[in-house]
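Biologist: I'm new to this one, and I'd like to learn how to read it. Could you walk me through it feature by feature?

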Amino acid sequence: MSQQPALGTIHHFYFNVSDYKKSVEFYDSFLPKLGYKMIRNNDIYSTWVNQSLGQFGITKAKEEYKDLKHTRYAVGYHHMAWNATSKEEVDKFYELLVEKNYKILDAPKDYNYAPVYYAVFWEDPDGFKLELCYVPFPYESENKQE
C-alpha cells in the first residue's frame, strides 16, 4: 500500500506554452535527469511525475493567446526552482544546458539567499525562468515571522 503525499506538498504545476512540440522536447531533455518520468504526452498536454515532488506539465496555449509573451516581472509567475543534492550536480546539469545550447541566465555560482545557496538559472522557449539549486536542509530564514 502506498503512502499519501504529505499535506502541503505540490501535486502539480503546469505552464501554458506557445510552441508545444518544441517545449515537450525542451522539458523532456532534462526532467528525467531530475527524477521525473513522462506519464502523458498527447496533442494538448504532457505530464512528467516525480513520486516525491509531484507532477510538472505543459499545455498547449489556446491559439488566440499563443503570441502573448511572458513577462517575468509582471504580476504572476516569476520562476521555478528544483533542488540538487550537491554543487557538483548543479555544475553537471549546467554542462547539459550548455550542450543543449539553452539560454543561460546565470551560470552556477554562490548566492547570498541562504548560508549555502548554489544555483544555475536558465530559460525555457517561452522565457520562463528555471533554476536548479543546492541548498542544504534544514533551511531557516533569517527573517522569521512569529
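Biologist: Let me start with a single residue: does E95 count as buried or exposed, and why?

Modeller: Keep in mind that this is a predicted model. The general idea is to look at relative accessible area, where over 50% means exposed and under 20% means buried. E95 has 52% relative accessibility, so E95 counts as exposed. You'll find E95 in helix α2, which covers residues 87–99.

Biologist: And which residues gather with E95 in a patch of charge on the surface?

Modeller: E88, E89, D91 and E99 gather with E95, and the patch carries negative charge.

Biologist: Next, salt bridges. How many are there by the rule used here?

Modeller: The idea is to look for a side-chain nitrogen of Lys or Arg within 4 Å of a carboxyl oxygen of Asp or Glu. By that rule, the count is five salt bridges.

Biologist: Let's go through some of them. What is the N to O distance between K66 and D67?

Modeller: That distance is 3.9 Å, and their side chains meet in a salt bridge. D67 counts as exposed, because its relative accessibility is 60%. K66, with a relative accessible area of 26%, is partly exposed.

Biologist: Which residue is linked with K66 and D67 in a network of salt bridges?

Modeller: E63 is linked with K66 and D67 in that network.

Biologist: What about K87: which residue does its side chain meet in a salt bridge?

Modeller: K87 meets D110, at 3.0 Å from N to O. Here you should also ask where the partners sit along the chain. This pair links distant parts of it, since K87 belongs to helix α2 and D110 to strand β6 (residues 104–110), 23 residues apart.

Biologist: And how accessible are K87 and D110, buried or partly exposed?

Modeller: K87 has 29% relative accessibility, so K87 counts as partly exposed. D110 is also partly exposed, with a relative accessible area of 48%.

Biologist: Where do the partners sit in the salt bridge of K103 and E123?

Modeller: Their side chains meet at 3.6 Å, N to O. K103 is in the loop between α2 and β6, while E123 is in strand β7 (residues 118–123), so this pair too links distant parts of the chain, 20 residues apart. E123 is buried, because its relative accessible area is 15%.

Biologist: Now the backbone. What is unusual to look for in the phi of N101?

Modeller: Look at the sign of the angle and at the residue type together. N101 has a positive phi, about 65 degrees, although N101 is not a glycine. N101 lies in the loop between α2 and β6. With a relative accessible area of 70%, N101 is exposed.

Biologist: How do I read sequence separation against spatial separation? Say, what separates K21 and D43?

Modeller: Compare the residue count along the chain with the C-alpha to C-alpha distance. K21 and D43 are 22 residues apart along the chain, and their C-alpha atoms are separated by 8.8 Å. K21 is found in helix α1, residues 20–28, and counts as exposed at 59% relative accessibility.

Biologist: And how far apart in space are K109 and Y134?

Modeller: They are 10 Å apart, C-alpha to C-alpha, with their positions 25 residues apart in sequence. K109 lies in strand β6 and counts as partly exposed, at 41% relative accessibility.

Biologist: What about Q3 and D106?

Modeller: Q3 and D106 are 103 residues apart in sequence and 38 Å apart in space, again C-alpha to C-alpha. Q3 sits in the segment before β1. At 76% relative accessibility, Q3 counts as exposed.

Biologist: Last thing: what is the mean pLDDT of the chain?

Modeller: Read pLDDT as the predictor's confidence in each residue, from 0 to 100. The chain's mean is 90, and 93% of its residues reach 70 or more. Among the elements, strand β1 (residues 12–17) has the lowest mean pLDDT, 93, and β6 has the highest, 98.

Note on methods. Residues are numbered from 1 along each chain as its sequence is written. This is a predicted model: local features need pLDDT of at least 70, side-chain atom pairs count only at pLDDT 80 or more; totals for chains, interfaces and linings use all residues. Side-chain values use heavy atoms; hydrogens and water are left out. Patches are made of residues with over 30% relative accessible area and no salt bridge: like charges are joined within 9 Å, nonpolar side chains (Val, Leu, Ile, Met, Phe, Trp, Tyr) within 5 Å. Accessible areas come from the Shrake-Rupley method with a 1.4 Å probe; for residues, only the protein chains shown count as cover. Lys and Arg count as positive and Asp and Glu as negative; His and the chain ends are not counted. The place of a charge is taken as NZ of Lys, CZ of Arg, CG of Asp or CD of Glu. Helices (H or I, at least four residues) and strands (E, at least two) are DSSP runs, numbered from the N terminus. Buried means under 20% relative accessible area, exposed over 50%, partly exposed in between (1.4 Å probe, protein chains only).
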